[in-house]
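Grab a pencil and work through these exercises with the model open beside you. Each task comes with a solution in steps.

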Amino acid sequence: MKKQYEKAYNELKAIGVPVIQGDMNDNPDRFRINAETGENWADYWAIGFNEAELGLDDFGINPKINTILNKHDLYAEWHDPGTLGVYKA
C-alpha cells in the first residue's frame, strides 16, 4: 500500500473504522471503507435526511474519517451504498 494510504489506513483502523485493504478493483495500493457494519461511520441512506442527527457530514460520512483522510491528502467518495472508496485529493 502506498505510504499516504497506509498511514491513513492504520489511523482509521486504530479508531475502529472498518477498513478493507485494496480498492474495489483489488488494487493493493489503496483501501476502502465498509459502510455496512451497522456502526455509525458512514451511512449512504442518511444523506439529505438525518445525517446531522447521526453526527455525519452532508455526504453521510463521519467527520473523524474526513479529518484523518484530509491529513494525508486523501478523501472518501461513495462507490456504492455500502462502500466508500478512498482517493488522492
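**Exercise 1.** Leaving aside its neighbours within four places in sequence, which residues is Asn62 in contact with?

*Solution.* Start with the cut-off: contact means heavy atoms within 4.5 Å. With its neighbours within four places in sequence set aside, Asn62 is in contact with Asn40, Trp41, Gly55 and Leu56. A quick note on what you're looking at: this is a predicted model, where local features need pLDDT of at least 70 and side-chain atom pairs count only at pLDDT 80 or more, while totals for chains, interfaces and linings use all residues. Residues are numbered from 1 along each chain as its sequence is written, and side-chain values use heavy atoms, with hydrogens and water left out.

**Exercise 2.** Is Asn62 buried or exposed, and which end of α2 does Asn62 cap?

*Solution.* First, place the residue: Asn62 sits in the loop between β2 and α2 (63–71). (Helices are DSSP runs of H or I with at least four residues, strands are runs of E with at least two, and both are numbered from the N terminus.) Next, check the surface: Asn62 has a relative accessible area of 11% and is buried. The classes are buried under 20% relative accessible area, exposed over 50% and partly exposed in between, using a 1.4 Å probe and protein chains only. Finally, look at the cap: a side-chain oxygen of Asn62 lies 2.8 Å from the backbone nitrogen of Lys64, at the N-terminal end of α2. The Asn62 side chain also reaches the backbone oxygen of Asn40, at 3.3 Å.

**Exercise 3.** Which residues of α2 are buried, and which are exposed on the other side?

*Solution.* List the buried ones: Ile65, Asn66, Ile68 and Leu69. Viewed down the axis of α2, they fall within an arc of 165 degrees, so they line one face of the helix. (The arc is taken from the directions from the helix axis to the C-beta atoms.) Now flip to the other side of α2, where Lys64, Thr67, Asn70 and Lys71 are exposed. As for the cover over the buried residues, it includes α1, β2, β3 (74–80) and β4 (83–88). Just past the helix, Asp73 takes a positive phi of about 60 degrees.

How values were computed
A polar contact is a pair of N or O atoms within 3.5 Å; within protein, one must be able to donate a hydrogen and the other to accept it, and residues adjacent in sequence count only if both atoms are side-chain atoms.
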